[in-house]
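Got the viewer open and a selection box ready? Here is a short tour, one stop at a time.

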Amino acid sequence: MNAIVTAVLEVLGSEAGAAHYGEGVSQREHALQAAWLAERAGAPAVLIAAALLHDIGHLLHGLPEDIAAHGIDGHHEDVGAAWLERHFLPAAVAPVRLHVAAKRYLVAVEPGYAATLSPASTRSLALQGGPMDAAECLAFRALPGAADAVALRRWDDAAKRVGLATPPLSRWRPHLRAALRTP
């Protein structure tokens with residue numbers, strides 16, 4: 001099981017982790033900030049791991065950084081969740097799979113939320129289906145992991161501060177271990 005934790009940390013630490021996807025921070029910086037925000041909020045280890053892993057699909061799908069500018073949604077949440085679910089607990093995978101839906105949900109239910117999104121998140125929102133309608137909101141709220149996905153989404157949105165000092169990748173190894181499926 002340590003091999004998958006090492007593999008995850010290597011992916012985040014790799015050249016792919018330096019990609020920006022339209023944001024001012026790299027994917028690695030973004031992941032570290034999201035995990036750090038989750039920890040500071042008192043989230044359990046499994047949800048901290050999800051915060052670290054939420055955008056790993058960007059590093060796995062093989063599409064270029066400017067895909068949104070070309071009108072393409074890489075469905076990184078599904079790519080990441082499909083890769084993670086082989087090794088990680090559902091409580092870690094569900095928020096990863098649902099963090100894009102959580103953005104669509106929050107835009108629909110919270111006045112002013114859309115105005116807080118970064119330009120890249122606003123652009124991707126349109127490609128991801130835009131705000132949910134009432135039926136979609138109701139269905140989303142009923143999903144296992146929806147509340148954790150909303151919390152993760154808020155950390156995701158806040159994890160875009162250029163130059164923010166965070167603990168290193170190695171700091172999150174115990175959280176990743178805690179989120180693993182046991183053999």
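Let's begin just past the end of a helix. Select Gly42, which follows helix 2 and has a positive phi, near 85°. Bear in mind as you go that this is a predicted model.

Now step back and select helix 2 itself, residues 27-40. Put a distance between the C-alpha atoms at its two ends: they are 20 Å apart, and this agrees with the 20 Å that 14 residues should span at 1.5 Å a residue.

Is helix 2 mostly covered or mostly open? Covered: 10 of its 14 residues are buried. To see them, pick Gln27, then His30 through the run Ala31, Leu32, Gln33, Ala34, Ala35, Trp36, Leu37 and Ala38. For what sits over these residues, show helix 1 (2-13), helix 3 (45-53), helix 4 (56-60) and helix 10 (146-158), which are among the elements that cover them.

Stay on helix 2 and pick Glu39, which makes a salt bridge with Arg171. The closest N and O atoms of this pair are 2.3 Å apart. In sequence the partners are distant, 132 residues apart, with Arg171 sitting in the loop between helix 10 and helix 11 (173-178). Both ends are partly exposed: Arg171 has a relative accessible area of 33%, and Glu39 has 24%.

How many salt bridges does a search of the whole structure find? Six. For another one, select Arg97 and Glu85, where the closest N and O atoms are 3.2 Å apart. Arg97 belongs to helix 6 and Glu85 to the loop between helix 5 (76-84) and helix 6, so this pair ties together parts 12 residues apart in sequence. Arg97 is partly exposed at 32% relative accessibility, and Glu85 is partly exposed at 35%.

Next, colour helix 6 (residues 90-109) and look at how helix 10 packs against it: the angle is about 75° and the axes are 8 Å apart. That makes the two helices roughly perpendicular. On the helix 6 side of the contact, show Pro95, Val96, Leu98, His99, Val100, Ala102, Lys103, Tyr105 and Leu106. Facing them from helix 10 are Ala146, Asp148, Ala149, Val150, Leu152, Arg153, Arg154 and Asp156. Colour the contact by class and you get 11 nonpolar, one polar and five charged residues.

Keep helix 6 on screen and add helix 8 (residues 119-127). Their axes come within 11 Å and cross at roughly 95°, so helix 6 and helix 8 are roughly perpendicular too. Here Lys103, Arg104 and Val107 of helix 6 meet Ser121, Ser124 and Leu125 of helix 8. The class count for this contact is two nonpolar, two polar and two charged residues.

For the last stop, go back to helix 10 and zoom in on Arg153 and Asp156. They form a salt bridge, with their closest N and O atoms 3.2 Å apart. Both lie in helix 10, three residues apart, or about one turn of the helix. In an α-helix there are 3.6 residues a turn, so residues three or four places apart point the same way. Are Arg153 and Asp156 buried or exposed? Arg153 is buried, with a relative accessible area of 3%, and Asp156 is buried at 3% as well. Add Asp157 to the selection to complete the picture: salt bridges with shared partners join Arg153, Asp156 and Asp157 into one network.

Conventions: Residues are numbered from 1 along each chain as its sequence is written. This is a predicted model: local features need pLDDT of at least 70, side-chain atom pairs count only at pLDDT 80 or more; totals for chains, interfaces and linings use all residues. Side-chain values use heavy atoms; hydrogens and water are left out. Helices (H or I, at least four residues) and strands (E, at least two) are DSSP runs, numbered from the N terminus. The expected span of a helix is 1.5 Å times one less than its number of residues. Buried means under 20% relative accessible area, exposed over 50%, partly exposed in between (1.4 Å probe, protein chains only). Contact means heavy atoms within 4.5 Å. Axes are lines fitted to C-alpha atoms, for helices over the stretch in contact, and angles run from 0 to 180 degrees between N-to-C directions. Angles under 35 degrees count as roughly parallel, over 145 as roughly antiparallel, 65 to 115 as roughly perpendicular and the rest as oblique. Ala, Val, Leu, Ile, Met, Phe, Trp, Tyr, Cys and Pro count as nonpolar, Asp, Glu, Lys and Arg as charged, and the others, Gly among them, as polar. A salt bridge is a side-chain nitrogen of Lys or Arg within 4 Å of a carboxyl oxygen of Asp or Glu.
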